[in-house]
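Please look through the structure shown below with an eye to its enclosed spaces, its helix packing and its aromatic contacts. The paragraphs that follow take these topics in turn.

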Amino acid sequence: MDWYPLWNSLRIAGISLVIVFFAGIFAAHYIARLPRAIKGVLDVILTLPMVLPPTVVGYFLLLIFGAKRPIGMLLEQIGIRFVMTWQGGVIAAAVVAFPLMYRTARGAFESFDKTLAYSAQTLGLSDAFIFWRIRLPCCRQGILAGAVLAFARALGEYGATSMLIGYTPGRTATISTSVYQYWRTNDERSALIWVLINLAISAAVLLAVNMLEKKNGRAKI
């Protein structure tokens, strides 16, 4: 059995998680401090991929990174290509998973007791120190839950991924695209194997989220 789809899915999900983890945290932290009107506009823009059909997201990515598009042509000249490559899968997964990380991190930051930050400021502590040593540790449970959900979303991504990188065995195949391709070619046994693998991973992710939520609940008591 070819295990490349599993390895490729984990690689794509892992790299995209690193991207959305830091991007989501810093976006949530700084946008939460903006005026309400600006914050509302940015919220809509940053969370659109969560409500749009994944194929629509993939279409927009093709408009940006397509070989005949300005950005795509520029990247081609320096040897970077996102269409029909696994690296493009990272971009697609990151775009789709980002709203989950952003919204969860923002919710965690908004529930943070600001009196702790004000008290730290009266002691002369810098904003950077307060963020890394006070705010972030206090919000870690929510942030970790968001990271787990973002990883699961990236791992199961199909629509945007299939639009941007397609399905090439040994190159761009993922668990989700493999299930569709095996089903399309009437290889139900292989499709069922990948479905079961995906179910097992998804169950493990949900278990991790539940454990984090329970731990966060005990910490608040």
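A convenient starting point in this predicted model is the lining of the largest cavity, which is made up of Ser-9, Ile-12, Ala-13, Gly-89, Ala-93, Ala-154, Leu-155, Glu-157, Thr-161 and Thr-174. The space enclosed there amounts to about 60 Å³, and it belongs to a set of two cavities of 30 Å³ or more. Helix 1, helix 5 and helix 8 each contribute at least two residues to this lining, with helix 1 providing the largest share, three residues. In chemical terms the lining divides into five nonpolar residues, four polar residues and one charged residue.

One of these lining residues, Thr-174, deserves a separate look. Its place is in the loop between helix 9 (159-165) and helix 10 (175-184). Is Thr-174 buried or exposed? With a relative accessible area of 5%, Thr-174 counts as buried, because the limit for that class is under 20%. Leaving aside residues up to four places away in sequence, Thr-174 touches Pro-5, Asn-8, Ser-9, Ile-12 and Thr-161; among the residues that line the largest cavity are Ser-9, Ile-12 and Thr-161, so that list and the contacts of Thr-174 can be read together on the model.

The second largest cavity has a volume of about 40 Å³, and its lining consists of Phe-65, Ala-67, Gly-72, Leu-75, Glu-76, Ile-80, Arg-81, Phe-82 and Val-83. Here the largest share, three residues, comes from helix 4, and the lining as a whole comprises six nonpolar residues, one polar residue and two charged residues. Helix 4 spans residues 70-77 and includes Pro-70, which is exposed, with a relative accessible area of 68%. From Pro-70 to Gln-141 the separation is 71 residues in sequence and 41 Å in space, taken from C-alpha to C-alpha.

From the cavities we may turn to the open spaces, where the largest pocket has a volume of about 390 Å³. Of the 16 residues that line it, His-29, Arg-33, Lys-114, Ala-117 and Arg-135 are the closest to its centre. Four helices each supply at least two residues of this lining, namely helix 1, helix 5 (86-110), helix 6 (114-122) and helix 7 (127-138), and the largest share, five residues, comes from helix 7. The lining of the largest pocket divides into nine nonpolar, two polar and five charged residues.

Helix 7 can also be followed away from the pocket. Its buried residues include Ile-130, Phe-131, Ile-134, Arg-135 and Leu-136, and the buried residues of helix 7 pack against helix 1, helix 5, helix 6 and helix 8 (140-155). Arg-135 therefore appears in two descriptions, as a buried residue of helix 7 and as one of the residues closest to the centre of the largest pocket, where the word buried rests on a relative accessible area under 20%. Phe-131, likewise buried, joins Phe-26, Phe-109 and Trp-132 in one aromatic cluster.

The aromatic contacts form the next topic, and a pair of aromatic rings is described by the distance of the centres and the angle of the planes. The model contains eleven aromatic pairs. One of them, formed by Trp-3 and Trp-194, is edge-to-face, at 5.8 Å centre to centre and with 75° between the planes. This pair links distant parts of the chain, since Trp-3 lies in the segment before helix 1 (4-31) and Trp-194 in helix 11 (residues 188-220), 191 residues apart. The two partners fall into separate accessibility classes: Trp-3, at 47% relative accessibility, is partly exposed, whereas Trp-194 is buried, with a relative accessible area of 1%. A ring is also involved in a contact with a charged group, where Arg-11 lies over the face of Trp-86, at 3.9 Å from the ring centre.

A last residue to visit is Thr-47, which is placed in helix 2 (residues 36-51). Thr-47 is buried, with a relative accessible area of 13%, and, not counting residues up to four places away in sequence, Thr-47 touches Pro-99, Tyr-102 and Arg-103.

Conventions:
Residues numbered from 1 in each chain as written. Predicted model: local features only at pLDDT ≥ 70, side-chain atom pairs only at ≥ 80, totals over all residues. Heavy atoms only, no water. Buried < 20%, exposed > 50% of the residue type's maximum accessible area, 1.4 Å probe, protein only. Phe/Tyr/Trp six-rings, centres within 6.5 Å; stacked < 30°, edge-to-face > 60°. Lys NZ or Arg CZ within 6 Å of the ring centre and 35° of its normal. 1 Å grid on protein atoms, 1.4 Å probe; cavity = no way out; pocket = protein on both sides within 12 Å on 5 of 7 lines; lining within 4 Å. Points joined across faces, edges and corners; volume = space filled by probe spheres on them. Nonpolar A, V, L, I, M, F, W, Y, C, P; charged D, E, K, R; others polar. Contact = heavy atoms within 4.5 Å.
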